[in-house]
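Reader: Hello! I am new to this structure and would love a close look at how its domains are arranged. Could you take me through that part in one go?

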Amino acid sequence: MINKKSKEKWMSDEIVIVGGGAGGLELACKLGRKLGSGHVTLVDRALYHIWKPSLHEVAAGTRDIHQEGLSYQMLAHDNKFRFVYGAMTALDSVNNTITVDAVLDESALELIPPRQIGFSKLVIAVGSVSNYFGISGAEENTISLNTTEDAEHFRLRLLKMLALADLQKEKDPEAGVDIVIVGGGATGVELAAELRDASSVYTDYDFPHLNPNRDVRITILEGAPRLLAPLTERVSKAATKLLQEREVKVVTDCRVAAIAENFVTDANGNNYVSDLCVWSAGIKAPDFLKTLGLQVTKSGQLEVDGMLKVAGSNNIYALGDCAACVGPDGKMVPPRAQAAHQQADYLLEMFVRSNKGQAAQDTPYVYKDHGSLVSFGRNTSVGTLMGSLTKLGWFVDGFFARMMYSSLHLMHLNALLGPVRTGVTAAASSLMKHAKPSVKLH
């Protein structure tokens, strides 16, 4: 049993990174390898990492988090940083310490006590959470794909719903599973496409009475005039066509007014039956950031300058979705994974130069749009490449786009594991797909 002191205080000159998402974890791994042991600490509320853009695959059952999740302790050992398990709850910017909350078991018994961790530099990279915009019943009656737990919850609910629908089919020809996805951004579109592919596989495994296209009914409700509104119209049209070919119902210009347990109501009074409802209509910064005594925007993001330093601080930085960063062009850096990757590399250079006693870099961070790709199952994707080089980007689709999409995950793994282990991991994953069902059934 761990000694349960009320609070344990660790003081150090370390760079402390809070948040083990794509940007925060890449920064920890790269800094650890550059600076060596004793210089970097990563804090996260989970024990393992999975690439967030793949959560729609976890939800659909086509990716197994227990097989592909990466242990933070393993990554810490291999990349020479220290991992602290727990959620950050408070900041003392005068004494340069953060408080990490206690870790509880399933019965709410304390396993690890609260701790205080000292830092020389602090990087906050806690990502985002769902923004429900005050819509009645949205938080209570939907599932958001923000964490692996959310995705696993959806997958298990879907399996039970499929089993129930198959059982009812003999008595009720209309029995099936109605899935409503609120939000036609990348997450909603990718989930719909992945679910359609997965439903065909699920129905082959002991659901003999279900027709995947007819009985697994998927609807996307989007408030904007078209899907994937931030992307080009050509990408939007291609995505809409691919979904319609997969018999996914798309409703645009649809403002959701309320969400009940079994249906969604829009502003015009139309009801959409939902056995499962996914919320992917908006994100915001975690609310606890407002309690830290740092400057935040109206949306709750931390205000940062061009060097990613939190406004009014000397040694606190933020990156990713939780940071409100305005580029030299006056535009807000979008909440995309590629922005977090770039910001992590920017801070990496800054901190390495500081560690070597070199002059600080004097050029601000500049977001470079390399395009956006949207997955449509295992065989195709659509999107644009080289967004910063052309006004509209280079439109890509089909198998080539899918390979480019897959390469993004491999690039992330390479930053964490290095080229050799990334190659081995990719090969092992490919081999396992031939040894296991195409979807996770337990």
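What follows is a walk through the domains and the chain that holds them.

Author: Happy to! This is a predicted model, in which local features need pLDDT of at least 70, side-chain atom pairs count only at pLDDT 80 or more, and totals for chains, interfaces and linings use all residues. Residues are numbered from 1 along each chain as its sequence is written, and side-chain values use heavy atoms, with hydrogens and water left out.

The domain assignment (bounds from an automatic or database assignment) splits the protein chain into domain 1 (13–128 + 285–356), domain 2 (148–282) and domain 3 (371–434). Domain 1 is thus written as two segments, 13–128 and 285–356. Now look at domain 1 and domain 3 together: their centres, taken over C-alpha atoms, are 24 Å apart. Across this pair, 23 residues of domain 1 touch 16 residues of domain 3, where contact means heavy atoms within 4.5 Å.

Contacts also tell us about the whole protein chain: among those with a separation of 6 or more, 65% join residues 24 or more positions apart. The C-alpha atoms fill a box of roughly 70 × 55 × 45 Å along the principal axes. Of the 442 residues, 51% count as buried, meaning under 20% relative accessible area with a 1.4 Å probe, protein chains only.

As for secondary structure, the protein chain has 12 helices and 28 strands; these are DSSP runs, with helices being H or I of at least four residues and strands E of at least two, numbered from the N terminus.

Notes:
Buried means under 20% relative accessible area, exposed over 50%, partly exposed in between (1.4 Å probe, protein chains only).
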